[in-house]
Amino acid sequence: MTKESWRHSWSLSVSILCLFATGSVEGQIRYSIPEEMATGSAVGNVASDLGIEPKRLVSGRARLFSSDGSEYVGLDAEKGELVVKERIDREQLCAETSACSLTFEVILESPMELYRVTVDIVDINDNSPLFPRTEIAQEISESALPGARFSLESALDPDVGVNTLQKYVLHPTDHFTLNVQDRSDGSKNVEMVLKTPLDREMKDRHYLTLTAVDGGTPQRSGAVKIHITVLDANDNAPVFSQSVYKASVRENAAKGTLITTVSAADADADSNANIQYYFEHGSAIVRALFSIEPVSGEVTVAGLIDYEKHKQLKVKVIANDQGGLTNSCEIVIDVIDVNDNAPKITVMSFSSSLPEDAALGTVVAMINVQDLDSGENGRVTCSISRNSPFRISASLTNYYNLLTDSALDRELAPEYNITVTAVDAGKPQLSSEDTLTLKITDVNDHAPQFEQEAYSVYVTENNSPSLSIFTVKALDADCGPNARISYFLDDGNLKGTQLASYVSINTDTGVIYAMKPFDYEQIKSLKVQIKAVDGGLPPLSTNATLNILVRDQNDNSPQVLYPVHSGGSLVAEMVPRAADVGYLVTKVVAVDVDSGQNAWLSYKLQKATDRALFEVGAQNGEIRTARQVTDKDPVKQKLTVVVEDNGQPSRSATVNVNVAVADSFLEVLSEFTDFTYDKEHGDGLTFYLVLALAVVSFLFIVSIITIITVKIYRWRQKRLFYKSPGTLPVIPYYPPLYADGTLQHMYNYEVCGTTDSKRSDAKCSRPYSQSTLVSVSRAETMQRGKRDQEDADVFPVEQKPPSNDWRLPPNQRPGPSGAVAHPEGAPAVTGTGPWPNPPTEAEQLQALMAAANEVSEATATLGPRYNAQYVPDYRQNVYIPGSTATLTTNPQQPPQQALPPPQALPPADAPKAAQTPASKKKSAKKDKK
């Protein structure tokens, strides 16, 4: 059977051992494959055996790691299979070691996982036994006795187990036989034993063939030719003092260091007793590391010995005398380990960045530590620097995990330099370090913070639109997008108006702008909530309050509340000629809607002279007499009062006060009738009066024509009706869609008539509901009743009496101050105008004269203080121009009269309305009843 067929017939055995542990260690798996498998051959499905999905190998960036860096086996992540990547020669890989295996780790990331895989390499019979030489020249003395032993070089078979060397076959066997002995290391010692004595004279040369056969399938063999030369007698072979020599040497021992000395003795004499030593079948490693002195037998160091490569070496030494007799011994050399290797740190996996909210126990890095030394020299302790929020823990053998041990805060420490130190236990101790730089990524865990919780800013009113009035700033301890702050105004309203119409904010810079000019008189302050929002997910926000206080400007002129002048009306204050100095004429009342100094008002006369009759109070606006009134002072005087505020620049308003210096009202009336009104105003009033008169005349003429036309039409209808017979049948009329005589609404009619009259009076009431019952006996045709009702509308039978609502006392209805009081229940006052009749001109003049006389008498009796109580007080009383009533804020104070009411005139009889024919009929009916 060929080698290839043997490979295909090999059954692949897989043994899986899963060891579940803590941390990121998942398990261990073992495969067994024969050597010399073709590249690309499948070793096993690691995904299926470990219970891992193939896509997990791809997403986790699965890879293999071997401590010695060999790459005999590769990983097909897509299929989840281990495949042969390089040719595997067990003999080259493990030499004479029977148990040969490859160990590597499968590493996954995200999350980190570690699996250990062991692949056992099974030997196949791919090597034949091989002798060091193709021919062996052996000299044997003829005096050799039967049973004499002659050592032969043994064959080498790199295979192990049954595939290695199993037996030797010697041919021919007429003089010699084979003696094969097993050594302690499993090899065989081959000796050729003389079976019958040799006779050089009969045959001085013998040719033998030694064949070495292994136990593999197919069986392999190797042969060597033995040429025996028969010599003269040399009866004794060299004999070693020990069959096995044991020695030890420290690794890295210097060249020439003596390891041991072998010694053999020969009982022969002379040249047959001269012995030489050499290594039997010395391998390349033995020849490179050791040397032997041929005469003395000293074994010394010839090369660099490394414990990590060779822990024990066996050397076979041959002693040969001059007579051709030989003997052999074995030297076992133990290599002593020296702590000459520092631990090696390999970072298997490392996350260079970690979020600051990582949970405790998060794996940061997976570290492998190897020390090629053994014993205490290879025992390694791994640690990290103290005072760091990390810890290191062991997972598998020689594997460590770097974990988080406490909470992380990027704002306190944005970066960590973690130094991993590996120290062995040798003497002296060797160590190695590796520094890992870990960056802490930011998490949005800090809300923006304003410099102040509340801000106050003053803004002068009448500002320009888009004026920058303030800038707010918030800081965020986070970084990147989490620290990018945007500013917003919270929704709110002021007096029903959105705050966004007053102010706006730049979302990036926090600059606050005024959207429109502020008016202090309307808004004195604004309270705006400002929100700072960062750019994190989820976003965090903080609020601050901005108080905008509006400063007043002197932008409003004073407004005069009293006296009030309307267009065309004339109001005059009367001062008696006997008034003393300081007599209160009137008081100018003004206000300024500004505030502070801008609202402080002062009063002065516009044209004040030294001999001026009047003066005005600078603070209270009271106009008083500055001196006694003389006869030279004119009756009619016009004072111009200037009201000025205290702003910068100041603003002012003027008001004209007409003052009459007289003792009687008639004198005042004669003087003030000469005032001319505004010509422009008079012209406009005349135009509107003419236009109104034309419209009224047109409407009157149209109404007269319409009434006459309707009257003539009805008169003709009556004439036709009177000529018809008196006994007309009563034909009930029903509107369409009510053929059964039922109307949608009920109507009630009251009919009054006489038996001998062809005309009747009908009274129509409102429609009743359908539940109202109507007597059928009273139903009649409504043509005559309707016609009579229309006649009554055109020619009213009786005039209704006037309503008593117009009979109001003078202090409760508008009118001139000289209107005559009309008591309740008195008859109407007769006049010349339409009803209700106003007083005549004579009556008005009589009332004015009576009022003037009473004023004169009151002034003479009470003195100058009489009119002081009628001076209007702005804080208490409000005067209505054109009315005699005074409204007061004091509910207990009765309304005041500017002038006492004149005596009521005797009531006049009101004219009686003329009687109509209809009213005469009703009177006759009442008399009959």
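**Exercise 1. Find which way the residues of strand E30 point, and whether they are buried or exposed.**

Step 1. Tyr399, Asn401 and Leu403 point one way from E30. Tyr400, Leu402 and Thr404 point the other way.

Step 2. All of these residues are buried. Buried means under 20% relative accessible area, exposed over 50%, and partly exposed in between (1.4 Å probe, protein chains only).

Step 3. E30 covers residues 399–404, and six of its six residues are buried. Strands (E, at least two residues) are DSSP runs, numbered from the N terminus.

This is a predicted model: local features need pLDDT of at least 70, side-chain atom pairs count only at pLDDT 80 or more, and totals for chains, interfaces and linings use all residues. Residues are numbered from 1 along each chain as its sequence is written, and side-chain values use heavy atoms, leaving out hydrogens and water.

**Exercise 2. Find which strands E27 and E29 join, and in what sense.**

Step 1. Take E27 (residues 363–370). Five bridges join E27 to E30, and the two run antiparallel. Ala365 stands opposite Leu402.

Step 2. Take E29 (residues 390–394). E29 pairs with E30 in the antiparallel sense, over five bridges. Two strands pair if DSSP finds at least two bridges between them. Phe390 has Thr404 as its bridge partner.

Step 3. Look at the turn. E29 and E30 form a hairpin with four residues between them. Asn398 in the turn has a positive phi of about 70°.

**Exercise 3. Place Val193 and list what it touches.**

Step 1. Val193 lies in strand E13 (residues 188–194).

Step 2. Val193 is buried, with a relative accessible area of 13%.

Step 3. Not counting residues up to four places away in sequence, Val193 touches Gly147, Ala148, Arg149, His175, Phe176, Thr177 and Asn179. Contact means heavy atoms within 4.5 Å.
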